[in-house]
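Welcome! Here is a short briefing to help you find your way around this structure for the first time.

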Amino acid sequence: MEYTSKYNVRTTMYQQFENSANERGNNPCLYYYNNTLSWNETAKLVDQCAAALKANGVKKGDRVVICLPNMPQCIAAIYAVNKIGAVASMLHPLSVKSEADYAIHLVGAKFAFCFDVSEKAFKDNPDVTVVKCKTASYFPKNPYGFMANLIYKKKIKGKTAPATNVKKLIDWSDFLKEGEQYIKENGVPETETDYTATAAIMMTGGTTGNPKGVMLTSENINNLSYELVDVVTTVLEMQIDQDKDGMLTALPVFHGFGFALCMHVSMCVGMAQSLFPQFDAKMCSDAIKKYHLNYVFGVPDFFEKVYKAGYLKGIDMSNMKLIGSGGDVVPYTLTEKMDRLLKDNGAKCHFVTGYGLTECVTVCTFTDPLREAPQGCIGIPTYNIEVMTVKPGTTEKVVGEDGELCVYGPTLMQGYWNDPEETSKMLVKHEDGRVWLHTGDMCYIDEKGDIYYRQRLKRVYKISGYLVYPSFIEETYRAMAEIYDCCVIGKEDGGKTMLKLFVVKNKKYAKDDEEALTEKIKHFGEQNLSKWSLPREIVYIDELPRTKVGKVDFKVLN
């Protein structure tokens, strides 16, 4: 793809981090549970981790599953993997075994990072080396850290189990020792510099319900991160202040939004970030106050809870540069409430909302931070991004009417891992000779260039900002002897999406007590699916509706 950029995007992710680390030295890099890691300390962790990966046989191009929440080990693993030219295959840290197995098999991974709660999901993978990382490892060594550790241990009691029957299971601290030994014998591993190579694989739904691996390069990710920089420097006409600016990294980095728009932005520009392995409205709000964080992004539910609790009421926000929401449809009522809060607290910017999808590293449109966004507006294209609308299923451009939104720019994915058929459905060559990303979302672009979101065409749902895949859920439930067939749909309930499961019982169990069966189905789901994939409602029907070609017609279910 030919494009020009005023930013230094043609480097690897690690090189962006390395440049900032060399410049920032002993300044704060990561805030984590009242502990601070400097850039030098973080860089040392990255080098040790990179060396340990090499010591364990990880090579350039190998896929490494990273199933960690936002914690120092996760940051170190991501940049270490990138340093040696391997691929960070990001996985939801609360994935259950079936989901971990699926991801490992999909990308052919032989190495994985997990944490206390996700460790059990990796058992019975005899070809995989697993590094287990404790959430409390980087808690401060003081009374606060001691109490935080006690609370955390109580919280995860009964939720952990060892990853048995794996090639090798090693604790993070011992893993770093292997890295230290490697460095003594061989020196720090050389830095791979191909910014066009696959750097990360993000799981997403694509055009159907089966999870797919979106392949993103360092160049893709850098471009997305610098889109935010451009909003600050060009639209707001502000400079990024490395000493005073700070990022709230509460959005999970297993998703492109948190990965590129929070974590990597900080690494690119050399400002500190506050890490949170799990969203906690009070703790996040306290961090915003304590560290004067002025880049704050979250899913709608995050801001709803913060606003309702009043945690940010009355604090000085005159230094706020960008604050906004994405990852799900943002209710206009939330935008209005947050705008009032920002104004009352002295902020000079509006609450922004954005739109994007993993296939272009997420955000590709932003609302104007200097004006109140019209209801339903998802903004205008960000730096270096072009958009158009076409008639669904075609490349025919439409103007002045609803159409499928198409995106062009340097953040477009390489494709889906080992899935050229689905890739060709998303990346389509147009008559202008360029390859455009067909989003599967119906939008309207007005004469001013503002984009208005209409509806999603793809059968993939977002629950609290997390993608869930109906066909994956259905396949899981079909493993039950009692279920002959089933179908999952999403329904709006109070402005949020909830899942509804339609079940056709196996004839052998047709007369079983449905109340008891419902409890059994719920228990089965809790054991085999993430909590976001669990249906809130279960309905029994005699047969599933079908289209003329024999496919389940989920659109008629309600």
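What follows is a short tour of some strands, a helix pair, the nonpolar cores and one exposed residue.

This is a predicted model. A good place to begin is strand β8 (residues 198–204): seven of its seven residues are buried, so β8 is largely enclosed by the rest of the structure. From there we can move to helices α7 and α8, which pack against each other at about 80°, and then to the largest nonpolar core, which has 135 residues.

**Strand β8 and its partners**

- Strand β4 (residues 87–90) runs parallel to β8, and three bridges join the two.
- Within that pairing, A88 stands opposite A200 of β8.
- Strand β9 (residues 212–217) pairs with β8 in the antiparallel sense, over six bridges.
- A200 also has a residue opposite it in β9, namely L216.

**Helices α7 and α8**

- Two packed helices are described by the angle between their axes and by the distance between those axes.
- Helix α7 (residues 218–235) and helix α8 (residues 256–269) pack at an angle of about 80°, and their axes are 8 Å apart.
- Angles of 65 to 115 degrees count as roughly perpendicular, which makes α7 roughly perpendicular to α8.
- On the α7 side the contact is made by I221, N222, L224, S225, Y226, L228 and V229, and on the α8 side by F259, A260, L261, H264, V265, C268 and V269.
- The residues of this contact divide into eleven nonpolar, three polar and no charged.

**The nonpolar cores**

- In soluble globular proteins, nonpolar side chains tend to be buried together.
- Which residues touch the most other members of the largest nonpolar core? They are I66, F113 and F297, out of 135 residues.
- Helix α8 gives the most to this core, with ten residues.
- Leaving aside neighbours within four places in sequence, F297 is in contact with L228, M247, L251, F257, L261, C262, F303, L322, G324 and F366.
- A second, separate core has 49 residues, including Y469, M480, V488 and L501.

**An exposed residue: K429**

- K429 has its place in strand β21 (residues 427–429).
- Is K429 buried or exposed? Its relative accessibility is 59%, so K429 counts as exposed.
- Beyond its neighbours within four places in sequence, K429 is in contact with T395, R434 and V435.
- K429 and T395 are 34 residues apart along the chain, and their C-alpha atoms are separated by 8.3 Å.

Methods
Residues are numbered from 1 along each chain as its sequence is written. This is a predicted model: local features need pLDDT of at least 70, side-chain atom pairs count only at pLDDT 80 or more; totals for chains, interfaces and linings use all residues. Side-chain values use heavy atoms; hydrogens and water are left out. Helices (H or I, at least four residues) and strands (E, at least two) are DSSP runs, numbered from the N terminus. Buried means under 20% relative accessible area, exposed over 50%, partly exposed in between (1.4 Å probe, protein chains only). Contact means heavy atoms within 4.5 Å. Two strands pair if DSSP finds at least two bridges between them. Axes are lines fitted to C-alpha atoms, for helices over the stretch in contact, and angles run from 0 to 180 degrees between N-to-C directions. Angles under 35 degrees count as roughly parallel, over 145 as roughly antiparallel, 65 to 115 as roughly perpendicular and the rest as oblique. Ala, Val, Leu, Ile, Met, Phe, Trp, Tyr, Cys and Pro count as nonpolar, Asp, Glu, Lys and Arg as charged, and the others, Gly among them, as polar. A nonpolar core is a set of buried Ala, Val, Leu, Ile, Met, Phe, Trp, Tyr and Cys residues joined through side-chain atoms within 4.5 Å.
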